[in-house]
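Me: I'm new to reading protein models. Could you walk me through this one, feature by feature?

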Amino acid sequence: MKIDWAALGSVFGVSLIVTVALVGLFTLGIVGLSRRESASAQGGTATLAVTGAYACFAACAAAVAYGIYLIVA
């Protein structure tokens, strides 16, 4: 059996980059929700921050769903 090390390295690199991107996107969502909490504590609203947080969470869910689709298909 011959192992294609270049392909294995490519898969490792792409999975590492995608994992870091998803963690960053999820972190942005958490930051957006925390800004809503601080804004409501000060008596204001943070509509843009909440909308951005929900968009980040939706993008994370879409990426996970696409990954599951790739595994199943």
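Me: Which residues make a nonpolar surface patch here?

Reply: Bear in mind that this is a predicted model. The patch is made by Met1, Ile3, Trp5 and Leu8, and it covers about 570 Å². Trp5 belongs to helix α1. With a relative accessible area of 61%, Trp5 is exposed, because the cut-off for that word is over 50%.

Me: How many helices and strands does the protein have?

Reply: Two helices and zero strands. Helix α1 runs over residues 5-41, and helix α2 over residues 47-72. Just after α1 you'll find Gly43, with a positive phi of about 95°.

Me: What span should helix α2 have, going by its residues?

Reply: The trick is to count 1.5 Å a residue and compare that with the distance between the ends. For the 26 residues of α2 that gives 38 Å, and the end C-alpha atoms are 37 Å apart, so the two agree. Try α1 in the same spirit: its 37 residues reach 54 Å from first C-alpha to last, close to the 54 Å expected.

Me: What radius of gyration does the protein have, and what would a compact globule have?

Reply: The protein has 18 Å, whereas a compact globule of 73 residues would be near 11 Å. You can look at the C-alpha trace as well: along its principal axes it spans about 65 × 20 × 10 Å.

Me: What share of the residues is buried?

Reply: Buried residues make up 11% of the 73. As for the accessible surface, it comes to about 5,700 Å², and 75% of that belongs to carbon and sulfur atoms.

Me: Which residues of each helix are buried?

Reply: A general idea helps before the names. An α-helix has 3.6 residues a turn, so residues three or four places apart point the same way. In α2 the buried ones are Val50, Ala53, Cys56 and Cys60. In α1 they are Gly29, Gly32 and Ala39. Now put the helices together: the buried residues of α2 pack against α1, and what covers the buried residues of α1 includes α2.

Me: Why does Gly32 count as buried?

Reply: Buried means under 20% relative accessible area, and Gly32 has 7%, so Gly32 qualifies. Gly32 sits in helix α1. Leaving out residues up to four places away in sequence, Gly32 touches Ala49 and Ala53.

Me: How far apart are Gly32 and Ala49, in sequence and in space?

Reply: They are 17 residues apart in sequence, yet 4.7 Å apart in space, C-alpha to C-alpha. You can read another pair in this way: Ala59 and Leu25 are 34 residues apart in sequence and 7.9 Å apart in space, again C-alpha to C-alpha. Ala59 lies in helix α2, and at 33% relative accessibility Ala59 counts as partly exposed.

Me: How many salt bridges does a search of the whole structure find?

Reply: One. To spot a salt bridge, look at the N and O atoms of the two partners. Here Arg36 pairs with Glu37, and their closest N and O atoms are 3.3 Å apart.

Me: Are those partners buried, exposed or partly exposed?

Reply: Arg36 counts as partly exposed, at 33% relative accessibility. Glu37 is partly exposed too, at 46%.

Terms used. Residues are numbered from 1 along each chain as its sequence is written. This is a predicted model: local features need pLDDT of at least 70, side-chain atom pairs count only at pLDDT 80 or more; totals for chains, interfaces and linings use all residues. Side-chain values use heavy atoms; hydrogens and water are left out. Helices (H or I, at least four residues) and strands (E, at least two) are DSSP runs, numbered from the N terminus. The radius of gyration is taken over C-alpha atoms; the globule rule is 2.2 Å times the number of residues to the power 0.38. Buried means under 20% relative accessible area, exposed over 50%, partly exposed in between (1.4 Å probe, protein chains only). Accessible areas come from the Shrake-Rupley method with a 1.4 Å probe; for residues, only the protein chains shown count as cover. A salt bridge is a side-chain nitrogen of Lys or Arg within 4 Å of a carboxyl oxygen of Asp or Glu. Contact means heavy atoms within 4.5 Å. Patches are made of residues with over 30% relative accessible area and no salt bridge: like charges are joined within 9 Å, nonpolar side chains (Val, Leu, Ile, Met, Phe, Trp, Tyr) within 5 Å. The expected span of a helix is 1.5 Å times one less than its number of residues.
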